[in-house]
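Biologist: Could you walk me through this model and tell me how each label is earned? I'd like to see the reasoning, step by step.

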Amino acid sequence: MSAETYARLQEAIHEHMADEEPGAMPGAWVLAAETTRVGSSPEEDETAMQYVYHGSYFSALGLLVQAQRTLGADEEEQP
């Protein structure tokens with residue numbers, strides 16, 4: 001990721017957090033995205049995960065673990 005893109009991403013996260021939680025300062029954050037390259041046949045399709053994080057490795061890992069717990073809890077609540 002280019003430095004310019006990273007700076008814009010960081011700025012967008014700060015702006016979003018200011019809208020959602022006025023006065024709160026974001027610390028660590030994680031962006032996880034799935035990418036897909038469609039080939040000429042299903043066998044040629046490629047799927048990958050892309051991760052970008054800000055903060056310490058352990059803070060990023062903690063955010064991902066908490067997200068996994070939250071997503072798992074949401075799935076358990078669905079009928």
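Biologist: Which helix gives the most to the nonpolar patch?

Modeller: That would be helix H2, residues 57-77, with four residues in the patch. Keep in mind that this is a predicted model. The patch is made by Tyr53, Tyr57, Phe58, Leu61 and Val65, and has an area of about 520 Å².

Biologist: What makes Tyr57 "partly exposed"?

Modeller: Tyr57, which sits in helix H2, has a relative accessibility of 47%. Buried means under 20% and exposed means over 50%, with partly exposed in between, so Tyr57 at 47% gets the middle label. Tyr57 also passes the patch rule, because that rule asks for over 30%.

Biologist: Okay, and why is Leu31 called partly exposed?

Modeller: Same kind of check! Leu31 has a relative accessible area of 35%, and that value falls between 20% and 50%, so "partly exposed" is the label. You'll find Leu31 in strand E1, residues 29-37. Its C-alpha atom is 10 Å from that of Leu63, and the two are 32 residues apart along the chain.

Biologist: How do you know that Glu4 and Arg8 meet in a salt bridge?

Modeller: Their side chains come to 2.9 Å, N to O. The cut-off is within 4 Å, so the pair qualifies. By this rule the count comes to one salt bridge.

Biologist: Where do Glu4 and Arg8 lie?

Modeller: Both are in helix H1, residues 3-20. They are four residues apart, which is about one turn of the helix.

Biologist: Why is Glu4 called exposed, while Arg8 is called partly exposed?

Modeller: Glu4 has a relative accessible area of 55%, and exposed means over 50%, so Glu4 makes it. Arg8 is at 48%, which is not over 50% and not under 20%, so Arg8 is partly exposed.

Biologist: What makes the patch with Glu11 a negative one?

Modeller: Look at who's in it: Glu11, Glu15, Asp19, Glu20 and Glu21. Asp and Glu count as negative, so the patch is called negative. One of these residues, Glu20, lies in helix H1.

Biologist: Let's zoom out. How many helices and strands are there in the chain?

Modeller: Two helices and two strands, and from the N terminus on they run α-β-β-α.

Biologist: What radius of gyration does the chain have, and what would a compact globule have?

Modeller: The chain has 16 Å, but a compact globule of 79 residues would be near 12 Å. The C-alpha trace spans about 50 × 40 × 25 Å along its principal axes. As for burial, 9% of the 79 residues count as buried.

How values were computed: Residues are numbered from 1 along each chain as its sequence is written. This is a predicted model: local features need pLDDT of at least 70, side-chain atom pairs count only at pLDDT 80 or more; totals for chains, interfaces and linings use all residues. Side-chain values use heavy atoms; hydrogens and water are left out. Buried means under 20% relative accessible area, exposed over 50%, partly exposed in between (1.4 Å probe, protein chains only). Patches are made of residues with over 30% relative accessible area and no salt bridge: like charges are joined within 9 Å, nonpolar side chains (Val, Leu, Ile, Met, Phe, Trp, Tyr) within 5 Å. Accessible areas come from the Shrake-Rupley method with a 1.4 Å probe; for residues, only the protein chains shown count as cover. The place of a charge is taken as NZ of Lys, CZ of Arg, CG of Asp or CD of Glu. The radius of gyration is taken over C-alpha atoms; the globule rule is 2.2 Å times the number of residues to the power 0.38.
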